[in-house]
Number of protein chains: 2
Amino acid sequence: MSYSPIIFAERNHPRFVDELKELLRIPSISTLPEHRDDCRRAAEFLFAELKRIGMENVRLIETAGHPLVYADWLHASGKPTVLVYGHYDVQPPDPLDEWLSPPFEPTERNGNLYARGAVDDKGQVWLQVKALESLLAATGSLPLNVRVLFEGEEEVGGEGIAAFVASKPPELQADFALVCDTELFAPGLPTLCVGLRGMIYTELEVRGAKTDLHSGMYGGAAPNPFVALAQILAKLKDEEGRILIPGFYGDIIPPSPEELAAWRSLPFDEEHYRIAEVGSRQLVGEPGYSVLERTWARPTLDVHGIPGGFTGAGAKTVIPAKAVAKVSMRLVPGMTPAKSFALYKSYVEKIAAPGVDIDVRLIHQGDPCLIPVDNPYIRAATRALQEVWDRDTVFIRSGGSIPIVGDFARHLGLPSVMMGFGLPDDNLHAPNEKFNLKNFELGIVSTIRFLEEAGG
Amino acid sequence: MSYSPIIFAERNHPRFVDELKELLRIPSISTLPEHRDDCRRAAEFLFAELKRIGMENVRLIETAGHPLVYADWLHASGKPTVLVYGHYDVQPPDPLDEWLSPPFEPTERNGNLYARGAVDDKGQVWLQVKALESLLAATGSLPLNVRVLFEGEEEVGGEGIAAFVASKPPELQADFALVCDTELFAPGLPTLCVGLRGMIYTELEVRGAKTDLHSGMYGGAAPNPFVALAQILAKLKDEEGRILIPGFYGDIIPPSPEELAAWRSLPFDEEHYRIAEVGSRQLVGEPGYSVLERTWARPTLDVHGIPGGFTGAGAKTVIPAKAVAKVSMRLVPGMTPAKSFALYKSYVEKIAAPGVDIDVRLIHQGDPCLIPVDNPYIRAATRALQEVWDRDTVFIRSGGSIPIVGDFARHLGLPSVMMGFGLPDDNLHAPNEKFNLKNFELGIVSTIRFLEEAGG
């Protein structure tokens, strides 16, 4: 009996792929107002499918933005309850001219399915739905209680789901969450993500003159906010990558020697990473730390853009009245957004050049998070992945932030199992996003086996 | 007889103002392709008026961009020839919501005429045309030979007129140029501008990864071109305003002790300038130099904008593949664009952080220029201004660049008389640009008297 859901999944695989393509054709770009209806269409697509496969209490939950999709199946008396999470919204496809096939016309090439959202996160949402379908179709029931919650605003900050989770609704009572929005460390290597960096995203505004001035007339006497801003930014991080904010590193809890040893045994080729993934002349970062430590377990500071001033083609001789830098910092366990922001703000105010006014604003924040690995759900996931992929499961962290994982822990007390099937070169947020179809298939099988193991 | 042109001008003043308003209603914004026809309409407006007042050989000279307007009157046998220059194009009016009256609906308030182009430069073009009309209408002739050349690309680099001047056409044979695109040092103070800064306008591009990357995944390992750019910019100029490029100050020819003494006697209130003109917390600049020295006789470096990356509202966690800074330097006598750019480029290449690629591009350049004051035309202008304004004429420099003045000197051997009637608070290139109507009136009289004096 226990293998029949997998046989069902294998037999129905071509249909599963066709359905995923249908979902990928909906351009549910959450950040663009003109795609508002497409986001709703994607939600309704999931709604209809959850209903069709036999989930219950299926409904759309309205938010200030795009709707949530909820469903449950709660007939596994005495068994634990999983909250299955994913998101149906996608990033904008720009730059369009770099796509080899249209972003919303899913295309198979070399065993991959290419489309915006293929792996982030529609493909991974779909593999969860198809695992549930296979279990229900083959056995008439599920091996544990299941609640499903899909959102449509992950790419724009996830405010709707955050507010819903913070309200601690009875619909979200569960024992653990299954978050399927991460990746394998390497092809064929079963992976659980057990740590995420937090972040503070800020705007740093520098104002000089009261209005834009002619740089010929006033150059040499009027403060230039772009120059003053550059002088501040240059003092935030040195050329080797050390953050220069006093006290910034003070509260970090470093990874254990065992975790560091495990990272050293991962198949990681720094030169391949530099050439194939980053494509830069050399890598940068804090001396004395490996690339995995620098991206998983050390805070970092990045500048994302500097709006204001003259950005057109050619020349305009203006001393702009103000400049704004979008600056974010990734935080690691031990650090808090509140303290990190306070240290940053007071340092910036201290080092700002004379002649300019400064405004430091916090735009977004998220706590770093470290998943305890000694719980039955992580153990169940470890076993299931090992069995399906026939290799030892590795535990990694991610340098990114998945704020919902922190929200699940803080508001609902749920540990998350971050089990994802993307690959490092899947071009998330970039042209030619793809999902390996073998990983889609094994992702369904892995999810079936995980739910069975978690049900005990 | 010699006063009748002035009486004509006084009697016709209301009509002159009405005509200027008509010219100001044409939105001849040279940088915006959608206003291409408006630029031509402004040129045709000048063409028609020059013809009507009795100038000869009036014609439009086509360029790759907006047309030049040419006219002449060459019947003053034995007299010198003046080349009268101005420009009919204007800056864009943005930000529109800061205008108290619409930029292309000229409005009189408090003795001023408010409109985009009121003083820069349509009002000053029109006062030249009206001086010629007054002379021709009152006396039937002009006191010297006159060639007129108006351009429509001054605000976008003036490539059309530069190419035309460089070709040394017979139409431009003259003894001196009259350039009416500057200002009085203070209200009521007759002023000649005898020095201009030159400039190099550059783009400094920094490239890190081959494509935009997720700052969570790659932050701490991938080079951030905005951070690398800030580190370079912070090393170009220190917080007191000294340019740090080795050798940059090496060739400067300082003003003479007499010129410096004359500047010290000008009515200049640094605190008023800081509050009313610049409006910043404090002024910046090289220690040991006065504001006038810093803006007229010292080079400076400004950053105008930093395109690239994420500049929208809210947060996007991207490590951009590249960042570009628009950086210009103003040059003073003794310096050359070629050497200054070479020093800048090699310094930037030397100080760039590891991990990034650098590209330094020269976008525009212009020589600094110093007008000899011991020629008969400057003497004639000095006398005419003194008589009309009843005060000693002062000689100033401008921190800006008027590239055509250098072109007239280099290609045609012409000294320029830079006689302008704007005021420091006329809001050039800014909202609520204005021209004081008394200055418009006295500008016409001053030009009449100058042409008479220059005719000998």
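This report describes the fold of chain A, its domains and its pairing with chain B in a predicted model.

## Basis of the model

Residues are numbered from 1 along each chain as its sequence is written, and chains are lettered from A and ligands numbered from 1 in the order in which they are written. Local features need pLDDT of at least 70 and side-chain atom pairs count only at pLDDT 80 or more, while totals for chains, interfaces and linings use all residues.

## Chain A

Chain A holds 14 helices and 18 strands; these are DSSP runs numbered from the N terminus, helices being H or I of at least four residues and strands E of at least two. Its C-alpha trace spans about 80 × 50 × 45 Å along the principal axes. The radius of gyration is 24 Å, which agrees with the value near 23 Å for a compact globule of 456 residues (taken over C-alpha atoms; the rule is 2.2 Å times the number of residues to the power 0.38).

Of the 456 residues, 56% count as buried, meaning that 20 or more other C-beta atoms, placed from the backbone, lie within 10 Å of the residue's own.

## Domains

An automatic or database assignment divides chain A into domain 1 (4-196 + 368-455) and domain 2 (198-252 + 299-366). Their centres, taken over C-alpha atoms, are 37 Å apart. Contact between them (C-beta atoms, placed from the backbone, within 7 Å) takes 7 residues from domain 1 and 9 residues from domain 2.

## The interface with chain B

In the interface, 75 residues of chain A are in contact with 76 residues of chain B. Elements of chain A that each supply at least two residues include α7 (225-234), β13 (322-331) and β14 (357-366). β11(A) gives the most, with 9 residues. The side of chain A that touches chain B has 31 nonpolar, 31 polar and 13 charged residues. Here Ala, Val, Leu, Ile, Met, Phe, Trp, Tyr, Cys and Pro count as nonpolar, Asp, Glu, Lys and Arg as charged, and the others, Gly among them, as polar.

β11(A) and β11 (residues 300-309) of chain B run antiparallel and are joined by 3 bridges; strands pair if DSSP finds at least two. A:Gly309 has B:Gly305 as its bridge partner in β11(B).

## Symmetry

A turn of 180 degrees and a shift of 0.2 Å along the axis lay chain A on chain B with an RMSD of 0.2 Å. This is the relation of a two-fold axis. The superposition is by least squares on C-alpha atoms of residues with pLDDT of at least 70 in both copies. Among residues of chain A, A:Ala230 comes closest to the rotation axis, at 2.2 Å (C-alpha). The copies meet through the same surface, because 100% of the interface residues of chain A are also interface residues in chain B.

Definitions and conventions: Two residues are in contact if their C-beta atoms, placed from the backbone, lie within 7 Å. A residue is buried if 20 or more other C-beta atoms lie within 10 Å of its own, exposed if 12 or fewer, and partly exposed in between; C-beta atoms are placed from the backbone.
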